[in-house]
Amino acid sequence: MSSRLHTHLGPMFLEYPVINASGTLDLLETADALGLDGDYRVPVAAYVPKTVTMLPREGNPTPRVAEVAAGMVNSIGLPNEGVKAFVADTLPRLLNLTCPLIVNVAGFSRDEYVSVVERVSRALADELGSDKGTWAPRVGIELNVSCPNVDSGCMSIGTDAEEIARLTQAVRDVWPTPLLLAVKLTPNVTDIASMALAAEEAGASAVSLVNTFKGLIVDRDTLKPYLGGITGGLSGPAIKPLALRCVFEVAAVVDIPIIGMGGIACTQDVVEFMACGASVVAVGAAGFVDPWLPARLAEELEEVLCERSLTLSELIGKIH
Amino acid sequence: MRLVGRVAEAAFVGPYAHLAVEIPGWKGAQSGQFAMIQAAESRCFLARPFSVSDDETHIETTPGTHHAARVSFLVDEVGRGSGELAALRVDDRVHVLGPLGRGFAAAGAVAPAARRTAACPAAGVGRGGAGRLVIVAGGAGIAPLPLLLREIESRLIRSGVLVLAGFRSSREAQALCILDDGLERLRRCRIPSEVGITTEDGSFGFAGMVTDLLDRDLQPDDTVLVCGPSAMCEAVWKVCRRHGVRRAWFSLETLMACGVGSCHGCVTRVADGTLTRVCRRGPVMAGEEAFGAEEETT
């Protein structure tokens, strides 16, 4: 991809400013499903795998997904293999990808987040050596404090600025600067800018926004909640204006980079998120329809930059 | 990568839309595999999973020459996404991600596919002894059978093939016409085949459920391949257990957002107690794997 798109996310060099949102692209499964061999070109500039928790999780009861006008509602509930299996089986494979890795972590208490990050750190020391400074271009952490589909932790932390600060600080102690530490925020708050500020002041090196908006699907026949988890998270183009507003508000108050997401489905969406202040954008639910969308959007972004005679840094925050 | 197909034929067979789509870049499917498809001008956000009904990708007219990939789908109009697909006309474009999932051959139900040729193939040997291949379809579950018949054609099934198809009505049973070519080719290859039809309203064939016919005729050494609604699949598995049939495979149907293992939306509880992604471990699973091996007490 052209050098016009080259950028940095904290200590990470990115070939282009488009990545995936956690939980919307399983690169290993997708490559296997499509019969791609080992040397396929990854469709993201950095890869964010599905949330890892301390213990394995089965996830929520079915049904878990429903399509709505211009989007979908999911109640997946963070199914994952748990950090033990993740570091043993998955992490080494992800470190072999040709792009940087941002490990997304969640917990049901502050200690759990810290423990998961410590486990990942120990595994990285085995894989990459103990000098953490050398990890910085290759691996980052994203704290999921915003999943609406679990009972405790996550969004209950992400809706409380003090809790965000305490968690960010606690993780920073075990995942020191210059390593990338992004905090993924929920839009289900009154003032998302204050949440982002709390994360920044506590040592976050980036904020990701937004996770899904809490929603409900009513079964048209029974008039009961349709999803197994009762409520779910709305994503897709339906939330784009809401997410843009969040990025706009956060960009006005923080200096750390913003990973913008929420309904991105076409190049114009990427341009708008960056204009509102996102340094990097993430494709979420639209990646379910086309897993290779992030790389395609980056290619098209380059054309837009040429047409508008803009550099990437001129585009970022142009609205302000 | 997601592919762009052109609708080459669009016709209704009974209530179902039958689409033949030319898909440049399509790799060729096994029966039981599926694709995520979406009308190019869609008002839906997500694509929908459909069984590959037939696939003429690998048929060589002369050695080394391939037809353009031509892939068929049978669309049962159940909602907005399928409604858009059913309304497609010739030359309309569709987005296609696939082929995906584990088909009947990869699941171990039939021997791995040999290269097919347009000429009648040399006789091979069926896998799993002398039992018949019994194919059970319910409603739009008839979809993957044309491709399955092509795969059977390239093997000698000594004791023959029995197709049992159940429908609600004679109108649905019109979909049987998608099997005409495949059954004719089996006859030409001297592979014995029989077809049994049921309708719930008795308007065509045997009045009743497809499991009634199966129950009359099933032999312990038969191999049973099934595609249809979940309730039918479970009922067929019970009949299989009762008759001591151990070799049964089911193409499972669930809602899917992505089809490639990313979303975890398509999970179903399988016999080992885990919630498993149908798109990756299936859609074809062995009966014991999907439903368990407990002996029926009835």
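User: What share of the 320 residues in chain A is buried?

Analyst: Buried residues make up 59% of chain A's 320 residues. Bear in mind that this is a predicted model. For chain B, the buried share is 57% of 298 residues.

User: How do I read the radius of gyration of chain A against a compact globule?

Analyst: Compare it with the value expected for the chain length. A compact globule of 320 residues would have a radius of gyration near 20 Å; chain A has 18 Å, so the two agree. The C-alpha trace of chain A spans about 55 × 45 × 45 Å along its principal axes.

User: Which secondary structure elements do the chains hold?

Analyst: Count helices and strands chain by chain. Chain A has 11 helices and 13 strands. Chain B has 8 helices and 16 strands.

User: How much of the contact set in each chain joins residues at least 24 apart?

Analyst: Start from contacts with a sequence separation of 6 or more. In chain A, 73% of these are between residues 24 or more positions apart. In chain B, the corresponding figure is 69%.

User: What does each chain expose, and how much do carbon and sulfur atoms supply?

Analyst: Take the area, then its makeup. Chain A exposes about 12000 Å², with 50% supplied by carbon and sulfur atoms. Chain B exposes about 12200 Å², and carbon and sulfur atoms again supply 50%.

User: How many positive and negative side chains does chain A have, and how far apart are their centres?

Analyst: Count each sign, then locate the two centres. Chain A carries 23 positive and 38 negative side chains. The centres of the two sets are 3 Å apart.

User: Now a single charge. Where is Lys50(A), and is it buried or exposed?

Analyst: Lys50(A) sits in the loop between α1 (27–33) and β4 (65–68) of chain A. Lys50(A) is buried, yet has no salt bridge. A salt bridge needs the charged atoms within 4 Å. The nearest side chain of opposite charge, Asp26(A), is 8.5 Å away.

User: Which residues is Lys50(A) in contact with, leaving aside its neighbours in sequence?

Analyst: Beyond four places in sequence, Lys50(A) is in contact with Ser22(A), Gly23(A), Ile76(A), Pro79(A) and Asn104(A), and with His264(B) of the other chain.

User: Why does Ala35(B) count as buried?

Analyst: The cut-off is under 20% relative accessible area. Ala35(B) counts as buried because its relative accessibility is 0%. Ala35(B) lies in strand β3 (residues 34–39) of chain B. Outside its sequence neighbours within four places, its contacts include Trp26(B), Arg48(B), Phe50(B), Phe73(B) and Val96(B).

Key
Residues are numbered from 1 along each chain as its sequence is written. Chains are lettered from A and ligands numbered from 1 in the order in which they are written. This is a predicted model: local features need pLDDT of at least 70, side-chain atom pairs count only at pLDDT 80 or more; totals for chains, interfaces and linings use all residues. Side-chain values use heavy atoms; hydrogens and water are left out. Helices (H or I, at least four residues) and strands (E, at least two) are DSSP runs, numbered from the N terminus. Buried means under 20% relative accessible area, exposed over 50%, partly exposed in between (1.4 Å probe, protein chains only). Lys and Arg count as positive and Asp and Glu as negative; His and the chain ends are not counted. Contact means heavy atoms within 4.5 Å. Accessible areas come from the Shrake-Rupley method with a 1.4 Å probe; for residues, only the protein chains shown count as cover. The radius of gyration is taken over C-alpha atoms; the globule rule is 2.2 Å times the number of residues to the power 0.38. The place of a charge is taken as NZ of Lys, CZ of Arg, CG of Asp or CD of Glu.
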